[in-house]
Structure formats: structure tokens, C-alpha cells
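Load the model in your viewer and keep a selection panel open. The stops below go from one site to the next, each with something to select and a note on what is there.

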Amino acid sequence: QKALDKDDFDESPGGSGQLDEESGKGESLIRFLLGDPRFRTPMLALWIADAGGSLHMPMVMFFFMSLGAHPLDMGIFGFIMRCGSMVFSPIYGRCVDRFGIRTPLLVCLSFCGAGCIVRGCAQEIWHLYAAQLLMGAGGGSSWSMVKGFISKHVDAPRRSWLLAGLKLQMTVLTLSKVLYPALNAGLAFSLSLETQLAKYRAVITTCTVFCWAG
């Protein structure tokens, strides 16, 4: 709770402008999340999983199409993920209230990693549907679970600012997708991959490594 002392959120002295003020608040948020042992592990887990999960986003639709998926299928894939998040987020939240954050988060990221494996190994459309079900039970709920856990330890006046900061972090982590060309080239060279489909599978499967590392 000491990390939430008002001084950590005050404006920086000198009146250097709004940019410096917001930068100071961002630094305070990072110090708060990493400085408290209760929050350090779940936040690091999410940062690793999200950064890795975004790496394959530039090509995932092309992978779906290469297996014969149509636009309707892709819409249903997204619908499954959203429904999974709506169903499982309250369940995970209840588990966090009763048992703490670590076990529910471990289960959540395990489902997400398993879904990435199924997606990367998919041979038919129904395999992709199965992958979306697993990922809907996992990755779609991870951020809401951790945000809820951290929010209950923050007093109400600062809670909205904290949630806005976490949302910004989610957005920034998606920028890891710019590393896709380098990852694709590196895996193709190291694994001697020749076909584009094989390259897609290799990149998608790396998502499992990041989820389970987290």
C-alpha cells in the first residue's frame, strides 16, 4: 500500500507540461506494478504472453484462408473468443477472490497455450474452431482477471487511472507484431522451412512458448 502514497502520483515539479506529467504517472504505474510482489508475477506473465501472442497477428488470417476458412468462419472465430471471455471471466474472477491470482492465471494461460498448439497444427476447419474454444477459455480472460485483482487493492479515486494505464499497456504490447518479418525469416532459416504454410505454423506455435513462459 505504501506504493500508492499520494507522492507517487503527484505532478512532477517545475511545471514542465502535460507530457512530463503523464510520463511521470506512467513511471509511477510501472514502479507500482513491479514493486509490489503481489502484482509483479501476474504482470510479467501478461507482458510476456501478450508480446508473444501479437507476433503472429499479421499473418493469422492468411493462415486461416490457407486451410479453407471463409469470412464467415473468421467472424465466428472472433465471436467464439468474445463469448469465451464473457463466460469465463466471471468464473476466473470468482476463483481469484477465493484462491488468489496465481492458480487461475496459470490455468488461463495454459488454455491459451494449448489453443495455440491446436491452431498451429490444424489440418481442417474444425481444428481451428477447437483452437478458438481453448483460447476463448484462456487468453480472452487473462487481462480482465488481472485488472480485477489489482483494482481491488487500489483506492477508488485512483482506480480509473490505473485501469486506463493497463489498457494503454495492452495496446503498446501489440506493437510487437512489427517483429513478425524477423521472426518468420529466422524460423524459416533455422528450421529449413520451404512452404509458406509451414512458416505460418512455426510462427503461430511460438505463441505457446510465450504463453507458457509467462
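**Stop 1: the largest pocket**

In this predicted model, begin at the largest pocket, which has a volume of about 870 Å³. Select M57, M81, R82, G139 and G140: of the 33 lining residues, these are the closest to the pocket centre. Next, colour the elements that each give two or more residues to the lining: α2 (37-53), α3 (60-66), α4 (71-99), α5 (102-120), α6 (125-136), α7 (139-151) and α10 (196-213). If you colour the lining of this pocket by class, you get 17 nonpolar, 12 polar and 4 charged residues.

**Stop 2: the whole chain**

Zoom out and switch to a cartoon view. The protein chain has 10 helices and 0 strands, and its pattern along the sequence reads α-α-α-α-α-α-α-α-α-α. Now turn on the surface: about 11500 Å² is exposed, with 67% of that supplied by carbon and sulfur atoms. Of the 214 residues in the chain, 41% are buried. For a contact map, take the contacts with a separation of 6 or more; residues 24 or more positions apart account for 72% of them.

**Stop 3: aromatic pairs**

Select the aromatic rings. How many aromatic pairs does a search of the whole structure find? The search gives 5. Pick F64 and F77 from the selection: their ring centres are 5.0 Å apart and their planes lie at 65°, over the 60 degrees that mark edge-to-face, so the pair is of that kind. F64 sits in helix α3 and F77 in helix α4, and the pair links distant parts of the chain, 13 residues apart. Check the exposure of each residue: F64 is buried, with a relative accessible area of 4%, and F77 is buried at 2%.

Move along helix α4 to F88 and Y92. Here the ring centres are 6.3 Å apart and the planes are at 35°, so this pair counts as tilted. F88 and Y92 are about one helical turn apart, because 4 residues separate them in helix α4. Are these two residues buried or partly exposed? F88 is partly exposed, with 29% relative accessibility, whereas Y92 is buried at 5%.

Then select F63, F64, F77, Y129 and Y200 together. Ring pairs link these residues into a cluster, and the F64 and F77 pair visited above has its centres 5.0 Å apart.

**Stop 4: N184**

Go to helix α9 (residues 180-190) and select N184, which lies within it. Its relative accessibility is 15%, and since buried means under 20%, N184 counts as buried. Which residues does N184 contact, once its neighbours within four places in sequence are left aside? Display K199 and V203: these are its contacts.

**Stop 5: L44**

Finish in helix α2, where L44 is placed. L44 counts as partly exposed, because its relative accessibility of 37% falls between the 20% limit for buried and the 50% limit for exposed. Add L33 to the selection and draw a distance between the two C-alpha atoms: L44 and L33 are 9.2 Å apart in space and 11 residues apart in sequence.

Key:
Residues are numbered from 1 along each chain as its sequence is written. This is a predicted model: local features need pLDDT of at least 70, side-chain atom pairs count only at pLDDT 80 or more; totals for chains, interfaces and linings use all residues. Side-chain values use heavy atoms; hydrogens and water are left out. On a 1 Å grid over the protein atoms alone, a cavity is a set of points where a 1.4 Å probe fits but cannot get out, and a pocket is an open set with protein on both sides within 12 Å along at least five of seven lines; lining residues have an atom within 4 Å of a point. Grid points are joined across faces, edges and corners, and a volume is the space filled by probe spheres set on the points. Ala, Val, Leu, Ile, Met, Phe, Trp, Tyr, Cys and Pro count as nonpolar, Asp, Glu, Lys and Arg as charged, and the others, Gly among them, as polar. Buried means under 20% relative accessible area, exposed over 50%, partly exposed in between (1.4 Å probe, protein chains only). Contact means heavy atoms within 4.5 Å. Accessible areas come from the Shrake-Rupley method with a 1.4 Å probe; for residues, only the protein chains shown count as cover. Rings of Phe, Tyr and Trp (its six-membered ring) pair if their centres lie within 6.5 Å; planes under 30 degrees apart count as stacked, over 60 as edge-to-face and the rest as tilted.
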